[in-house]
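Trainee: Please take one part of this model and go through it closely, with enough of the background to place it. One connected answer would suit me better than a list.

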Amino acid sequence: MRRNRRILGLLAISTSTLLLTSCSNKNISGLGFDKGVSSVNDTSGPLWYWAWMAAAVVGITTFLLLMWPVFFHRKKSDDFPRQTRYNVPVEIAYTLIPFVIVAILFGYTARDEAKITKVDTPATAPHNIHVNAMQWSWQFTYNDAASAPTVTGTPAQRPELVLPLGEKVLFTITSSDVDHGFWIPAFMIQMQALPHVFNHLEFAAEKLGTYPGRCNILCGRNHSEMLFEVKVVTPAQYTAYINSLKVA
């Protein structure tokens with residue numbers, strides 16, 4: 001009996017160690033995401049971390065429950081084992097616990113989704129960019145400028161979406177053909193780009209750098225080539241970029 005408990009304890013320790021070491025030291029705190037990259041991360045980050053923690057607890061508990069009969073209820077004779085039926089408390093627990101977990105995750109997800117998709121300044125947004133998805137690239141129209149210059153990409157030439165550091169941008173997102181998905185993984189945000197529908201996002205990029213963007217809805221043959229780059233620059237550099245598009 002003592003030996004079985006020792007084995008079970010070693011299995012629990014090794015499982016926990018595997019979960020922790022599966023992430024690099026750089027990303028353990030963010031579970032795959034750098035913190036503070038955008039104003040969205042502060043909202044979606046904790047939801048992401050705690051969802052993984054809940055999954056880890058459920059997974060480890062389930063694993064231990066599976067291993068318990070393997071080590072502590074192994075067949076000891078040829079006698080037919082005693083049968084137990086209709087354990088009402090156990091059946092209620094197995095039904096209630098998953099329901100509570102799903103309900104809690106749903107509640108926090110709905111709360112954070114409402115916060116992320118809320119547009120505070122639809123008429124007076126400091127910056128306004130129109131995003132149009134198309135098979136198989138992107139168009140970015142900078143409505144900051146009176147001439148509303150548009151950058152159009154192709155699968156061979158990825159378009160660049162330039163954003164000002166620390167300043168909110170209102171995105172109006174649509175599609176000219178089929179369903180697409182406007183996704184910037186590092187910002188922990190995505191929004192569907194649908195034909196004849198105008199979805200809105202408003203957030204600020206909080207860290208200088210270049211980040212990949214892509215379509216995350218299967219949209220056709222060249223879906224994998226619907227890529228773009230997000231370049232976060234200083235407000236002065238953003239203004240200069242807009243002016244250069246106006247001249248062009």
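Mentor: Of the contacts in the protein with a separation of 6 or more, 66% join residues that lie 24 or more positions apart. The model is predicted, and every value below is to be read as computed from that predicted model. The protein has 248 residues, and 31% of them are buried. Its accessible surface is about 15600 Å², and carbon and sulfur atoms account for 62% of that area. The secondary structure consists of four helices and 10 strands. Read from the N terminus, the order is α-α-α-β-β-β-β-β-β-β-β-β-β-α.

The part to look at closely is the packing of two helices, H2 and H3. Helix H2 covers residues 41–72 and helix H3 covers residues 88–117; their axes come within 10 Å and cross at roughly 165 degrees. An angle over 145 degrees counts as roughly antiparallel, so H2 and H3 are roughly antiparallel to each other. The crossing in which H2 passes H3 is left-handed. On the H2 side, the contact is made by Thr43, Ser44, Leu47, Ala51 and Val58. H3 contributes Ile101, Leu105, Tyr108, Thr109, Asp112, Lys115 and Ile116. Sorted by type, the residues of this contact are seven nonpolar, three polar and two charged.

For the surroundings, turn to the strands. Strand E5 runs over residues 168–175 and includes Thr172. Thr172 has a relative accessible area of 11%, so it is buried. Beyond residues up to four places away in sequence, Thr172 touches Asn128, Ile129, His130 and Val131, and also Phe198, Asn199 and His200. Some of these partners belong to strand E1, which spans 128–134.

After E1 comes a loop that leads to strand E2 (137–142), and Trp136 is found in this loop. The peptide bond from Gln135 to Trp136 is cis, with omega near 0 degrees. Two backbone positions also stand out by their phi angles. Most residues other than glycine have a negative phi, and most peptide bonds are trans. Ala148 is not a glycine, yet its phi is positive, at about 50 degrees. Ala148 sits in the loop between E2 and strand E3 (150–152), and at 26% relative accessibility it counts as partly exposed. Met188 is likewise not a glycine and has a positive phi, of about 55 degrees. The loop that holds Met188 joins strand E6 (180–184) to strand E7 (189–193). With a relative accessible area of 14%, Met188 is buried, whereas Ala148 is partly exposed.

The last site is Cys215, which lies in strand E9 (residues 209–215). Cys215 is buried, with a relative accessible area of 5%. Leaving aside neighbours within four places in sequence, Cys215 is in contact with Trp138, His180, Gly181, His223 and Met226. Among these partners, Met226 is 11 residues from Cys215 in sequence, and the C-alpha to C-alpha distance between the two is 5.7 Å. His180 and Gly181 fall in E6, and Trp138 falls in E2.

Note on methods. Residues are numbered from 1 along each chain as its sequence is written. This is a predicted model: local features need pLDDT of at least 70, side-chain atom pairs count only at pLDDT 80 or more; totals for chains, interfaces and linings use all residues. Side-chain values use heavy atoms; hydrogens and water are left out. Buried means under 20% relative accessible area, exposed over 50%, partly exposed in between (1.4 Å probe, protein chains only). Contact means heavy atoms within 4.5 Å. Accessible areas come from the Shrake-Rupley method with a 1.4 Å probe; for residues, only the protein chains shown count as cover. Axes are lines fitted to C-alpha atoms, for helices over the stretch in contact, and angles run from 0 to 180 degrees between N-to-C directions. Angles under 35 degrees count as roughly parallel, over 145 as roughly antiparallel, 65 to 115 as roughly perpendicular and the rest as oblique. A crossing is left-handed if the near helix is turned anticlockwise from the far one by less than a right angle, and right-handed if clockwise. Ala, Val, Leu, Ile, Met, Phe, Trp, Tyr, Cys and Pro count as nonpolar, Asp, Glu, Lys and Arg as charged, and the others, Gly among them, as polar.
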